[in-house]
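Trainee: Please take a close look at the salt bridges of this model, and set them against the surroundings in which they lie.

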Amino acid sequence: MIEKLDVIGKQALEDLKSASSLELLEQLRVSLLGKKGALSEVLKGLGAVSADERPKIGAAANEWKRRIEETLEARKAQLETVALEAQLKSQRIDTSIPSRLSHRGTHHIITRTTRRLLQTFQRLGFDVTTGPEVETEFLNFEAVNIPKDHPARDMQDTFFMGPGVVLRTHTSSVQMRTMRSRQWPVRIVCPGAVYRSDHDATHSPMFHQVEGLWVDRGIKMSDLKGVLAFFARETFGPEVKVRLRPSYFPFVEPGAEVDVSCFQCGTKPVSTCKVCRGSGWLEILGAGMVHPRLLELAGYSGDDLTGFAFGIGIERIAMILHGVPDLRLMFSGDSRFLNQF
Ligand code: PHE
């Protein structure tokens, strides 16, 4: 048996030293030292050996085992070094290769337009507030004087989240929220997303508005016009004028639609103008004097307490400013479009 062990051992050391890969080495380890390996196979015959021979054979087997393990470790270390060197060589970094251009994100056109509008009003002393997009039907409708049978409440326009809960259809829902939470005077602008069931080139089911509300003693229609004229000049250019056309919104009286003169054509409208299509005017927002019923509902009372409100469509402003033909581009996530801003 000792001879057998010697034969196996010598052969093993040779094999191990010349093993050319880590996989091969592992195979050798199993075939030599494993449960069914060559050494174990020999030792299985130990039972047939006389008692005084046994320790010698055991010692010889252990010695071979030790030498095999030693050689195995040494060869393993060698092969690993070679593998590492090869890897480092293949992964060498060539610092002379031009780098890939890193991508840098920017703010979305809606974010930028919103910030710009807010800053303009902040300079006039308006505070920025916000309100929730999931709103009670009460604050979205009743509280701004839109009665139960009003067409705006139709399922086709409004997204209902549950009984009495809607996705706000305009930021005017923030008017009563604000007035109920603080005493007058109130001078706020409120930006945010609003939702209507509508989808074409100029309408999206989700879009953004900035609501404005100023309630104080003796606020007049001329204050409204002054604030909007300032906003129009700051946004579209110093030459731009505003005009108010009578219109109807349940929460204001009187109400108006507000146009700015075309910043492209100037004083003489050009029929081929892409911005105003030759009309010389651009409709940009709705506004009016706060309906007395709202002040009452807010619990506001005071001599000659009045106010004005306005609602600006942010997408509309961004489209006019940048000549964007289709509103849907803004929410397409198409980097070819977004990168232009
Ligand atoms: N809430 C109106 C809309 O969404 C805009 C508006 C706000 C009009 C405030 C008048 C006053 O169309």
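Mentor: Burial comes first, and here a residue is called buried under 20% relative accessible area, exposed over 50% and partly exposed in between, with a 1.4 Å probe and protein chains only. The model is predicted, so local features need pLDDT of at least 70 and side-chain atom pairs count only at pLDDT 80 or more, while totals for chains, interfaces and linings use all residues. Residues are numbered from 1 along each chain as its sequence is written, and side-chain values use heavy atoms, with hydrogens and water left out.

A salt bridge is taken as a side-chain nitrogen of Lys or Arg within 4 Å of a carboxyl oxygen of Asp or Glu, and a search of the whole structure returns 16 of them. One of these pairs Arg-336 with Asp-334, whose closest N and O atoms are 2.7 Å apart. Arg-336 is exposed, at 66% relative accessible area, whereas Asp-334 is partly exposed at 23%. Elsewhere, salt bridges with shared partners bring Arg-243, Arg-245, Glu-257, Asp-259 and Glu-283 together in one network.

Within that network, Glu-257 and Arg-245 meet through their side chains at 3.6 Å, N to O. This pair links distant parts of the chain, twelve residues apart, with Glu-257 in strand β8 (residues 252-261) and Arg-245 in strand β7 (residues 242-247); the elements named here are DSSP runs numbered from the N terminus, helices being H or I over at least four residues and strands E over at least two. Arg-245 is partly exposed, with 28% relative accessible area.

Another setting is found in helix α2 (residues 22-33), where Arg-29 and Glu-26 are three residues apart and therefore separated by about one helical turn. The closest N and O atoms of their salt bridge lie 2.9 Å apart, and both ends are partly exposed, Arg-29 at 33% and Glu-26 at 39%.

Strand β8 also leads to the nonpolar surroundings. A nonpolar core is a set of buried Ala, Val, Leu, Ile, Met, Phe, Trp, Tyr and Cys residues joined through side-chain atoms within 4.5 Å, and the largest one has 42 residues, of which Ile-284, Leu-285, Phe-308 and Phe-310 touch the most other members. The elements that give it two or more residues include β8, which carries Glu-257 of the network, as well as β9 (281-290) and β10 (305-313). Its largest share, seven residues, is supplied by α8.

With contact meaning heavy atoms within 4.5 Å, Phe-310 touches, beyond its neighbours within four places in sequence, residues that include Phe-121, Val-189, Leu-224, Val-227, Leu-228 and Leu-285, together with Glu-211. Apart from this core lies another, of 21 residues, among them Phe-141, Ala-143, Val-166 and Val-215.

Val-166 sits in β4 as the bridge partner of Phe-160. Strands count as paired if DSSP finds at least two bridges between them, and two bridges join β3 to the antiparallel β4 (residues 165-167). These strands belong to an open sheet of three, in the order β2-β4-β3 with antiparallel pairing, where β2 (134-136) and β3 (160-162) are the edge strands.
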